Amino acid sequence: MVARLVIAAPSSGAGKTTVATGLMAAFAGRGLAVSPHKVGPDYIDPGYHALATGRPGRNLDAYMCGTGLIAPLFAHGARGCDLAVVEGVMGLYDGAADQGELASTAQVAKLLKAPVVLVVDASSQSRSVAALVHGFASWDPEVRIGGVILNKVATDRHEHLLREALGESGVPVLGVLRRAPAVATPSRHLGLVPVAERQSAAVEAVSAQAEQVRAGCDLDALLALARSAPELHTEAWDPALAGRPAAGEPVVPTTPVLRAGCPQPRIAVAGGAAFTFSYAEHAELLTAAGAEVVTFDPLRDEALPEETSGLVIGGGFPEMYGAELSANEPLRKAVAELARSGAPVAAECAGLLYLARSLDGTPMCGVLDADARMSSRLTLGYRDAVAVSDSPLAATGTRMRGHEFHRTVIEPGAGAAAAWGLRQPERRVEGFVQRGVHASYVHTHWAGAPEAAVRFVAHCERGPGAESGT
């Protein structure tokens, strides 16, 4: 039994991140062990959540991982905690396009049997707020909206009008927050600036958010609401069991198993300010599959970790650090040499750009015969993907779900052997598979496809030059 709250809003921009992060920090400041979660694929907000709580920020994505894993993944992250705070995505009832409630905050709240606190931007309304809250509270009877936090309230008079209107709605006001520049987090082309790039400024912002929430919210009432959540009957997700076949099922041929007595493969995972995105479950799955996971920073480290047998380069913002990444020529050469050797390399989005020949005209690793550049067009959305080439990450025909989010383009968009065939929103192939490299714009969540981590580790154990197939 973990006390839990879902922080939602009628739409994006209402202040969910500020309120959720502030609540996490405020409750952690009271001495509670707080488990932070984020609905959807977002990889920036969890960084602020981790800063507020001292625990890894974890995503709950029903599209990429499946609805059946939401409660187990939640229980895994929240194990041993006093309270869990789940920040929603977009508007409360918004989810995957053309998929009904799938991947919406409302669906996750129902799967977790968690009460919802609705954050309302009250800056341009007074009595109408009651109609808005009533509509959201009555739309789906399975979604329990336990209270409202009014954000961007202008004056005491404005607050009085809002409270008076909501007094007839039956939904209690659990907080009122004024405009506060100190809590604002700067944004750019893909959303908030990540914690790793702001450092002390991010610490100050989270501290200010916590103070604003302490001053404007009824923390005792919010905690009581969280503790009113019913028992969640689920087994916690276990990375050590996730990649194994169920009892009585045969071992799938496309999922190699480490040979007993073989040395532990070392997998280097890119980190630092340029590569801030990696789901916590990825490293846990790699470790459970038998690997030693070591983090390195392409902005600072001039060599890969010693005895690296595999490389994972996830998402981030290499476009903001192109000159610095290019200037680190020793590491670029080391990455290119490892890739040429046939060692397994998994690169997603930012990793794809780093492996390209150039990024906005600046030399990158040159592993791929492709050039990347910034674009004014935003590519965003869930993807239903099928592997079209054998690689250390997936055998041909393997189906995985992922997400794209970038303002860059790479030319060509696919190699002679593409990584994925995408089914929606339009049919196309994309990405590159060559030797041991699998590079793509598509972010995947391996908790939803744990065989990918097992397969990758097994290919690392085999050593450079191993065949991608099994």
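Which residues of E2 are buried on one side, and which on the other? The close-up views below, taken from a predicted model, begin with this strand.

**View 1. Strand E2 and its two faces.** Strand E2 spans residues 34–39 and is mostly covered, with six of its six residues buried. On one side the buried residues are Val34, Pro36 and Lys38. On the other side they are Ser35, His37 and Val39. Both faces of the strand are therefore covered, since a residue counts as buried when its relative accessible area is under 20%.

**View 2. Strand E2 beside strand E4.** E4 covers residues 83–87 and runs parallel to E2, to which five bridges join it. Opposite Val34 of E2 stands Leu83 of E4.

**View 3. Strand E2 beside strand E3.** E3 is made of residues 58–60, and three bridges link this strand to E2 in a parallel arrangement. His37 has Arg58 in E3 as its bridge partner.

**View 4. The unit formed by E2, H2 and E3.** Helix H2, residues 45–53, belongs with E2 and E3 to a β-α-β unit. The unit is right-handed.

**View 5. Helices H1 and H10.** H1 (residues 16–29) packs with H10 (residues 219–227) at an angle of about 95°, and their axes are 12 Å apart. Because angles of 65 to 115 degrees count as roughly perpendicular, H1 is described as roughly perpendicular to H10. H1 contributes Leu23, Ala26 and Phe27 to the contact, while H10 contributes Leu219, Leu222 and Leu223. By type, the residues of this contact are six nonpolar, no polar and no charged.

Conventions: Residues numbered from 1 in each chain as written. Predicted model: local features only at pLDDT ≥ 70, side-chain atom pairs only at ≥ 80, totals over all residues. Heavy atoms only, no water. Axes fitted to C-alpha atoms, helices over the stretch in contact; angles between N-to-C directions. Helix = DSSP H or I, 4+ residues; strand = E, 2+ residues; numbered from the N terminus. Parallel < 35°, antiparallel > 145°, perpendicular 65-115°, else oblique. Contact = heavy atoms within 4.5 Å. Nonpolar A, V, L, I, M, F, W, Y, C, P; charged D, E, K, R; others polar. Buried < 20%, exposed > 50% of the residue type's maximum accessible area, 1.4 Å probe, protein only. Pairing = 2+ DSSP bridges. Right-handed = clockwise from strand over helix to strand, strands pointing away.
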